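Here is a short briefing to read beside the sequence and the 3D view. Keep both open as you go.

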Amino acid sequence: MTEKQEATIKCPFFVKTWANSLECESLIGRSAMLTRFSSSAAMKEHVRRCCAREDGGSCPLALNLYDKYRRQEELERKRKQERKEMYLKEA
């Protein structure tokens, strides 16, 4: 926001803001998602409801990013377990 910020951004996916736009981490690696709001008031309301919360509140982008990382962690745990089991079979 270009004027005085009224909320502390806590969402871990937030990158930066200007005018009526928010830039956040994207679902695609090394890219960003730009969300433009119709007004400063609309953006402030979104920031208050979503960006000011560590869990991203009801923001669809934050919900999808949390799901993305949860699935990646599950896949990595599964791969580690498979490697462990393979190592035990070879021993």
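The points below cover the sheet, the helix on it, the core, the pocket and three single residues.

This is a predicted model. Its sheet is open and has three strands in the order 1-2-3. Helix 1 packs on that sheet. The largest nonpolar core has 13 residues, and the largest pocket holds about 170 Å³ of space.

**Sheet**

- Pairing in the three-stranded sheet is antiparallel.
- Strand 1 and strand 3 (residues 32-36) are the edge strands; each has a single partner strand, so one side of each lacks a neighbour in the sheet.
- On average, neighbouring strands are turned by 20° against each other, with direction ignored.
- Helix 1, residues 40-51, touches strand 1 and strand 2. The direction of helix 1 makes about 30° with that of strand 2.
- Strand 1 covers residues 14-18 and strand 2 covers residues 21-25. Four bridges join them in the antiparallel sense.
- Within this pair, Thr17 has Leu22 of strand 2 as its bridge partner.
- As background, strands of a sheet pair through backbone hydrogen bonds, either parallel or antiparallel.

**Loops with positive phi**

- Most residues other than glycine have a negative phi. Two loop residues here, Ala19 and Arg30, have a positive one.
- Ala19 sits in the loop between strand 1 and strand 2. That hairpin has two residues between the strands. Phi of Ala19 is near 45°.
- Is Ala19 buried, partly exposed or exposed? Ala19 counts as partly exposed, because its relative accessibility is 43%, between the 20% and 50% limits.
- Arg30 is in the loop between strand 2 and strand 3. Its phi is about 55°.
- Arg30 counts as exposed because its relative accessibility is 91%, over the 50% limit.

**Nonpolar core**

- Which residues touch the most other members of the largest nonpolar core? They are Phe13, Leu22, Met43, Val47, Cys59, Leu61 and Ala62.
- Strand 2, helix 1 and helix 2 (residues 60-90) each supply at least two residues of this core.
- Helix 1 gives the most, with four residues.
- Leu22 therefore appears twice in this account: as the bridge partner of Thr17, and in the core list, where a core is by definition made of buried residues.
- In soluble globular proteins, nonpolar side chains tend to be buried together.

**Largest pocket**

- The largest pocket is lined by 16 residues.
- Cys24, Thr35, His46, Cys59 and Leu61 are the closest of them to its centre.
- Strand 2, strand 3, helix 1 and helix 2 each supply at least two residues of the lining.
- Cys59 and Leu61 are on the pocket list and also on the core list.
- Leu61 is in contact with Cys24, Glu25 and Met33, leaving aside its neighbours within four places in sequence.

**Glu25**

- Glu25 lies in strand 2.
- How exposed is Glu25? At 21% relative accessibility, Glu25 counts as partly exposed, because buried means under 20%.
- Glu25 touches Phe13, Val15, Ser31, Met33, Leu61, Leu65 and Tyr69, not counting residues up to four places away in sequence.
- Among these contacts, Phe13 and Leu61 are also on the core list.
- Glu25 and Arg53 are 28 residues apart in sequence. Their C-alpha atoms are 16 Å apart in space.

Definitions and conventions. Residues are numbered from 1 along each chain as its sequence is written. This is a predicted model: local features need pLDDT of at least 70, side-chain atom pairs count only at pLDDT 80 or more; totals for chains, interfaces and linings use all residues. Side-chain values use heavy atoms; hydrogens and water are left out. Two strands pair if DSSP finds at least two bridges between them. Axes are lines fitted to C-alpha atoms, for helices over the stretch in contact, and angles run from 0 to 180 degrees between N-to-C directions. Contact means heavy atoms within 4.5 Å. A nonpolar core is a set of buried Ala, Val, Leu, Ile, Met, Phe, Trp, Tyr and Cys residues joined through side-chain atoms within 4.5 Å. Buried means under 20% relative accessible area, exposed over 50%, partly exposed in between (1.4 Å probe, protein chains only). On a 1 Å grid over the protein atoms alone, a cavity is a set of points where a 1.4 Å probe fits but cannot get out, and a pocket is an open set with protein on both sides within 12 Å along at least five of seven lines; lining residues have an atom within 4 Å of a point. Grid points are joined across faces, edges and corners, and a volume is the space filled by probe spheres set on the points.
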